Amino acid sequence: MMGGIFTFHSNWKNRRENYIDKPSPLECTSLNFRGIQFAQAMRFAVEEINNSTDLLPAISLGYKIYDTCGSIARGVRAALALANGNEVTSAPSNTPCVRPAQVLAIMGEQSSSPCMAIATVIGPFHIPMISHFATCACLSDKTKYPSFLRTIPSDYYQSRALALLVKHFGWTWVGAIKTNDDYGINGMAIFTETAQQLGICLEYSVSVFRTDPPEKIQKIIDIIKASTSKVIVAFLSHMDMDVLIPVFSHHNITGYQWLGSESWIFDSQTAKLDRHHILDGSIGLSIPKAHVSGMREFILDVKPLNSTSTAFFTEFYESLFSCKFNQSNPSSSGNQRECTGHEDLTGVHNSFTDMSLMPIFNNVYKGVYAVAHALHRVLGCNETCNNKVQPDPFTILQHTRKIHFKTKEGDEVYFNEDGDPAAKYEVINWQPTEHGVVDFVTVGLYDASLPSDKQLNLNNKSLIFAQNSKLVPASVCSEMCPPGTRKVLHKGKPVCCFDCIRCAEGEISNVTDSVTCVQCHPEFWSNERRDDCVKKEIEFLSYEEIMGALLTAASLFGTFTTAFVSLIFFKNRNSPIVRANNSELSFLLLFSLTLCFLCSLSFIGQPSEWSCMLRHTAFGITFVLCMSCILGKTIVVLMAFRATLPGSNVMKWFGPTQQRLSVLAFTLIQIVICIIWLTSSPPFPLKNFQELKDKIILECALGSAVGYWAVLGYIGILAILCFILAFLARKLPDNFNEAKFITFSMLIFCAVWITFIPAYVSSPGKFSVAVEIFAILASSFGLLFCIFIPKCYIILLKPEKNTKKNMMGKTTPN
């Protein structure tokens, strides 16, 4: 014996109890043809098994079916009645067929909340309960509902699939309506959790039940109208959706894209109620299409029902054929005709003749067969069954959990550890036809058994959206942030509401809706759009640019000028003005000046390890050589004056040999400083990322700052010493006193290098190198022009003054 609990009526009359008299039974209203179809599917499966010779041979299945009217209390009462069985027997007997007929399994219910209540009550008795339409994920908890099984997938997968659909179409700002029962609350909870993981926000989430007063429905309508989201996820039972559709049509709730759960999305009766087509373009999940041969004909064969005269079947017959039995006053019934009892379904079109729920009928069919296969195992059936074994519900439950078979149509039936079947859905789309009838078009599939990135498969080309549009509607709180920007959330609002802020310099975002901007590698910089890191421009003072070319030209000009002066001095090397003040030092000074001009070229071009060491050491040594020569010439001037004094023999202490040795000694000191610098911490090429944000400055790092400033300091000491000595000798009696020119040249030299320090420190990048080159050239030109140009002037333009007497100031006046 099997039990069945179905909803033949969808509502009941409310009544007020006075708590004095015993409450009267529920008076059911609103005949539900769907529940009758489910019961017919169960009857079909039972009769097919009874007529089979392969399954349960010589064993007949029976059934007891109860109507719950959609009431949880009535469903629990029916379950207890089925569990108790026939308590009254005519006489004690050991024959199994006359023992109390306790049911071995219960088929139903179709809603989640009644199933939770019933499964809680019958769970301790271990009576298997197999539902064909209860999808709440909460029912998978075997600690609470150990005997509950179902042939329809859990809402856990449906809710996740709906969230994936929302994500697929790029909707991040949606509204939600749920049935105010376990089905809607649990289903929407899973959807909300998955949506948050996918970056989807709910603008609102409201609950509704078919018995809610109009005031509550009006509040929901006001919320929808005030919202900015254009997508509504409806996790509703078909009965609640049927209540809402006329109200939404009355208030002109149009232009919204609906996403529906399987409870209503493929129900043709719900589509027929949508006369104003506010749901056109709806997308949702449905149980895959199924066909069971012979079931349609069995369900629609209502002739056997005529043999009974119960009130229920009378009500069913009259509602099905729109007629009335025993109509005594035809005029009082208007156009309603009298029932003859011979009516047939030809030309009748209502929810009973609609076979769109065949997949759910198939779920009922598979549930009955699951129990039959379990019973087949328990009874050890082969060609015949052991009818002496009295199966108990617990044994049937244990074997039902383990069954694995295929129906005659090839459908695979099995349950996982939670008592659920494999989760597979079709994605359907409401597409209106030319005749105004909605066509349920399959546009995709969802298979939870596949990898996560392949579970949802959609054909976007065949989709129709709200208002018969083929374009995907937009439903976002804030537009997507393009590459080059990042999201900044609005305080107190969901994460889907944000502003787009442009990335800072040196940062990029190369994806849409980036939360952060990524810092570019030090050798790269962000482009103008801030969506890509481009290689920084490398900056150094090169020969190709104007500034480098001008400095190179000035250096070469100084070199050639010095060479030209050297040539003049060489041709006139025996003239008094050249021989005066040690011509050997003059030629050495000209040579050192040539090196000073040429060493500036080492500062131009891309720095390398050798050029960095060369530029600083060459500069330091050549300038010290230059200063040593000038210092020697200055000392010679002072010594020469001292030598003219009576009794003075000072020149023998500072003759040509001593002059050469002094120059060598002073230069060797600088060479030693440079060697110590190069061996301890030499200069090296460096990529400077800090000076300029969008450029890499190639420069020579000093290595040891002490070494660098020791080189400069030593040059400065010699320059100051030269200046002091030359200043002291500037007024010595001589027609051509070289000390005057040395004083002026050293004044220029010191001024250039004193101003060089702040200019060098404050100049960015290659300009600091240019400042150093300019200082080298300016000081070199100052020494060349101040010391040698006056002599060249006399040699070339005033040869009459190039005499020994004139040099000694002994010329005869005219």
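Between which two strands is the loop that holds Gln 467 found? The model is predicted, and in it Gln 467 sits in the loop that runs between strand S19 (456-458) and strand S20 (485-489). Gln 467 is not a glycine, yet its phi is positive, at about 60°. Its relative accessible area is 64%, and since exposed means over 50%, Gln 467 counts as exposed.

A second residue can be read in the same way. Asn 252 belongs to the loop between helix H7 (238-250) and strand S11 (257-260). Its phi is near 55°, again a positive value in a residue other than glycine. With a relative accessible area of 53%, Asn 252 is exposed.

Backbone geometry also stands out at a peptide bond. Gly 108 and Glu 109 are joined by a cis peptide bond, with omega at about -10°. Glu 109 is part of the loop between strand S5 (105-107) and helix H3 (112-122). The reason to point out these places is that most residues other than glycine have a negative phi, and most peptide bonds are trans.

The interior comes next. The largest nonpolar core holds 122 residues, and the members that touch the most others are Leu 56, Ile 177, Trp 258 and Phe 352. Helix H12 (residues 358-378) is the element that gives the most to this core, contributing 13 residues. Another core, of 65 residues, lies apart from it; Met 639, Trp 677, Leu 725 and Leu 784 are among its members.

Phe 352 shows what surrounds one of these well-connected core residues. Neighbours within four places in sequence left aside, Phe 352 is in contact with Phe 33, Ile 36 and Gln 37, with Ile 299, Leu 300 and Val 302, and with Phe 316, Leu 320 and Leu 345.

Helix H1 (residues 33-50) packs against H12, their axes 9 Å apart and at an angle of about 40°. That angle is neither under 35 degrees nor within 65 to 115, so H1 is oblique to H12. The crossing of H1 past H12 is right-handed.

Which residues of H1 and H12 make the contact? H1 supplies Gln 37, Phe 38, Ala 41, Met 42, Phe 44, Ala 45, Val 46, Glu 48 and Ile 49. From H12 come Ile 360, Phe 361, Val 364, Tyr 365, Val 368, Tyr 369 and Ala 372. Sorted by class, the contact of H1 with H12 has 14 nonpolar residues, one polar and one charged. Gln 37 thus appears twice, as a contact of Phe 352 and as part of the contact between H1 and H12.

Notes
Residues numbered from 1 in each chain as written. Predicted model: local features only at pLDDT ≥ 70, side-chain atom pairs only at ≥ 80, totals over all residues. Heavy atoms only, no water. Core = buried A, V, L, I, M, F, W, Y, C linked by side-chain atoms within 4.5 Å. Buried < 20%, exposed > 50% of the residue type's maximum accessible area, 1.4 Å probe, protein only. Helix = DSSP H or I, 4+ residues; strand = E, 2+ residues; numbered from the N terminus. Contact = heavy atoms within 4.5 Å. Axes fitted to C-alpha atoms, helices over the stretch in contact; angles between N-to-C directions. Parallel < 35°, antiparallel > 145°, perpendicular 65-115°, else oblique. Left-handed = near helix turned anticlockwise from the far one by under 90°. Nonpolar A, V, L, I, M, F, W, Y, C, P; charged D, E, K, R; others polar.
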